[in-house]
Amino acid sequence: MPRNAGRLDAPQNDTIAPITENKTSIFDFVTPTEFVELPTKGRFYSEDHPLHNVDTIEIRHMTAKETDILSSQSLLKKGLAIDRMIENVIIDPNIKVKDLFVGDKNAIIVACRINGFGASYETKITCGSCGVKGEEVFDLEGVEVKSVDEEIIISEQGTFVISLPRSKIDAECRLVNGADEQKMLKLAEKKKKLNLPDSSLTDQLKILIVSLNGETDRGLVEKFVDVMPAFDASYFRKQYEKTVPNVDMSHNFVCPSCDANTVIDIPFSANFFWPQ
């Protein structure tokens, strides 16, 4: 008998080992997914976009990997941490964060906060009446989607019109997406470094407005924004906020110090994704 035969053959044993059934491996775990309702209902995306006329988007629940992304100092410094996290949890690789409209992006952010850290969100609120700071706990499960009014006429390009009352001009505008947010952020940082006056309101209007009475020349549009009557600018912003689909972050706040009752927006403060 060869010397190594015993090493290659299975040991002879009359006892039959018991069969273990339904043994779960740690690698059998599948990260759960969920469908998030889109405030836009896909109505503002172009026909070639994956979310065109789509009501929901599928995302994975947050994992330790996404927590690492949110803790990355380099990404936080560049203001890209949340965008990278969103990019990581979206199931469809054809959907890019930069193309998401802000309302849809906010809906994903709230869903990720709930599935990653729970619906209870505690942060500090300053009372507008007495100035006292205090802790307030928000239930994010109560956040509702504010969809676009079905009567709003949306063009094939995803634009809609706001008629300005003073100048009697029809301003065709569009929704802000992730790329626009980054553009405005970089522009604001650049002006701050150069000690230039803040012009975030007019900069935003120049991005939002596509045409004026059908005139699309960017030079003319931007020139009009610079001289737009304050009444029209205020009216435009109010109408835009009323029209734009988003998540409703409003919350009835009662100050524990002075009992003032006001409606505030739940803030996306530093501890939204970094709870203590």
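This report walks through the salt bridges, the nonpolar core and one helix of the structure above. Keep in mind that the model is a predicted one.

**Charged pairs**

Let's start with the charges. Side chains of opposite charge can pair when their charged atoms come close. In this model, the count of salt bridges comes to 8. Here are some of the pairs, with the distance between nitrogen and oxygen:

| Pair | N to O distance |
|---|---|
| Glu37 and Lys41 | 3.7 Å |
| Glu66 and Arg60 | 3.3 Å |
| Asp99 and Lys98 | 3.3 Å |

How do these residues sit relative to the surface? Glu37 is partly exposed, at 38% relative accessibility, and its partner Lys41 is partly exposed too, at 24%. The pair of Asp99 and Lys98 looks much like that: Asp99 has a relative accessible area of 26%, so it counts as partly exposed, and Lys98 is partly exposed at 49%. Then there's Glu66, which is buried, with a relative accessibility of 0%. Glu66 still has a charged partner, since its side chain bridges to Arg60.

Some charged residues go beyond simple pairs. Asp83, Lys105 and Glu181 are tied together in a network of salt bridges.

**The nonpolar core**

Now for the inside. The largest nonpolar core has 65 residues, and the members that touch the most others are Met85, Phe236 and Tyr240. Helix H5, spanning residues 102-117, supplies the largest share of this core, with 7 residues.

What does Met85 touch, if you skip its neighbours within four places in sequence? Its contacts are Met62, Glu66, Ile69, Leu70, Cys112 and Phe273. Notice Glu66 on that list: this is the buried residue we met above, the one that forms a salt bridge with Arg60.

**Helix H9**

The other two well-connected core members, Phe236 and Tyr240, bring us to helix H9, which runs through residues 230-243. This helix has 14 residues and spans 20 Å from its first C-alpha to its last, close to the expected 20 Å.

Which residues of H9 are buried? They are Asp232, Ala233, Phe236, Tyr240 and Thr243. Looking down the axis of H9, you'd find these buried residues within an arc of 100 degrees, so they line one face of the helix. The face turned away from that buried side carries the exposed residues Ala230, Lys238 and Lys242.

And what covers the buried residues of H9? The cover includes strand S6 (160-164), strand S7 (169-173), helix H7 (200-208) and strand S8 (209-212).

Definitions and conventions
Residues are numbered from 1 along each chain as its sequence is written. This is a predicted model: local features need pLDDT of at least 70, side-chain atom pairs count only at pLDDT 80 or more; totals for chains, interfaces and linings use all residues. Side-chain values use heavy atoms; hydrogens and water are left out. A salt bridge is a side-chain nitrogen of Lys or Arg within 4 Å of a carboxyl oxygen of Asp or Glu. Buried means under 20% relative accessible area, exposed over 50%, partly exposed in between (1.4 Å probe, protein chains only). A nonpolar core is a set of buried Ala, Val, Leu, Ile, Met, Phe, Trp, Tyr and Cys residues joined through side-chain atoms within 4.5 Å. Helices (H or I, at least four residues) and strands (E, at least two) are DSSP runs, numbered from the N terminus. Contact means heavy atoms within 4.5 Å. The expected span of a helix is 1.5 Å times one less than its number of residues. The arc is that of the directions from the helix axis to the C-beta atoms.
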